[in-house]
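Good morning, colleagues. Please take a moment to look at the sequence and the model on the screen before I begin.

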Amino acid sequence: MTLMEAIGGTDITQYKDQYREAMEAVISAKAAGVEPPEMEAPAEPKGKVVDLMAALQDSVRAAKKSRGEDTGDEADVHEISGQRAAPKKKAAKKAAAKKTSRKRPAS
């Protein structure tokens, strides 16, 4: 409630639940024994698509430049060839696990 009060008066009548309306139409059609209505395809999004990684990199460069840091020395990313072997488990852990896994006689 505090959040809604902070946001201010919002007229929620301007919003509608399109998914619920579509589901109600399908349920009504099936209950009546007719074919459900064809749903229209969603409209293409309006606006431009933003490359978030490029925007983040630009923001970091601008922040570094405003602090007077050198922005020319960027790290190079190299692909690692091969895979590392998984670290071997210690024998003490296996022995401890075996000790606790013994069955006890029923009392």
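Which side chain meets that of Arg 20 in a salt bridge? The partner is Glu 24, and the N to O distance is 3.0 Å. I should say at once that this is a predicted model, and that every value I quote is computed from it.

Let me stay with this pair for a moment. Arg 20 and Glu 24 both belong to helix α2, which covers residues 18–32. They are four residues apart there, so about one helical turn separates them. As for their surroundings, Arg 20 counts as exposed because its relative accessibility is 52%, and the cut-off for that class is over 50%. Glu 24, at 40% relative accessibility, counts as partly exposed.

How many salt bridges does a search of the whole structure find? The search returns two. Besides the pair just described, Asp 58 forms a salt bridge with Arg 61, with the closest N and O atoms 3.0 Å apart. These residues lie in helix α3, residues 52–67, and are three residues apart, so they too are separated by about one helical turn. Asp 58 counts as partly exposed at 45% relative accessibility, and Arg 61 is likewise partly exposed, with a relative accessible area of 32%.

I turn now to the overall arrangement. The protein has four helices and zero strands, and from the N terminus on the order of elements is α-α-α-α. Of its 107 residues, 1% count as buried. The accessible surface comes to about 11,500 Å², and carbon and sulfur atoms account for 56% of that surface.

On that surface there is a nonpolar patch of about 330 Å², made by Leu 3, Met 4 and Ile 7. Ile 7 lies in helix α1, which comprises residues 2–7. Is Ile 7 buried or exposed? Ile 7 is exposed, since its relative accessible area is 56% and exposed means over 50%.

Next, the region around helix α2 and the loop that follows. Met 23 lies in helix α2 and is partly exposed, with a relative accessible area of 35%. Between Met 23 and Pro 36 there are 9.8 Å in space, C-alpha to C-alpha, for a separation of 13 residues in sequence. Pro 37 is found in the loop between α2 and α3, and at 40% relative accessibility it counts as partly exposed. Pro 37 and Val 26 are eleven residues apart in sequence, while their C-alpha atoms are 6.9 Å apart in space.

Finally, the largest pocket. Which residues line the largest pocket? They are Lys 16, Gln 18, Glu 21, Ala 22, Met 39 and Glu 40. By class, the lining divides into three charged residues, two nonpolar and one polar. The space in this pocket is about 180 Å³.

To close, I would recall two points. The predicted model contains four helices and zero strands. Its two salt bridges join Arg 20 to Glu 24 and Asp 58 to Arg 61. Thank you for your attention.

How values were computed: Residues numbered from 1 in each chain as written. Predicted model: local features only at pLDDT ≥ 70, side-chain atom pairs only at ≥ 80, totals over all residues. Heavy atoms only, no water. Patch = residues over 30% accessible without salt bridge, like charges linked within 9 Å, V, L, I, M, F, W, Y side chains within 5 Å. Areas by Shrake-Rupley, 256 points an atom, 1.4 Å probe, with all protein chains shown as cover. Salt bridge = Lys/Arg side-chain N within 4 Å of Asp/Glu carboxyl O. Helix = DSSP H or I, 4+ residues; strand = E, 2+ residues; numbered from the N terminus. Buried < 20%, exposed > 50% of the residue type's maximum accessible area, 1.4 Å probe, protein only. 1 Å grid on protein atoms, 1.4 Å probe; cavity = no way out; pocket = protein on both sides within 12 Å on 5 of 7 lines; lining within 4 Å. Points joined across faces, edges and corners; volume = space filled by probe spheres on them. Nonpolar A, V, L, I, M, F, W, Y, C, P; charged D, E, K, R; others polar.
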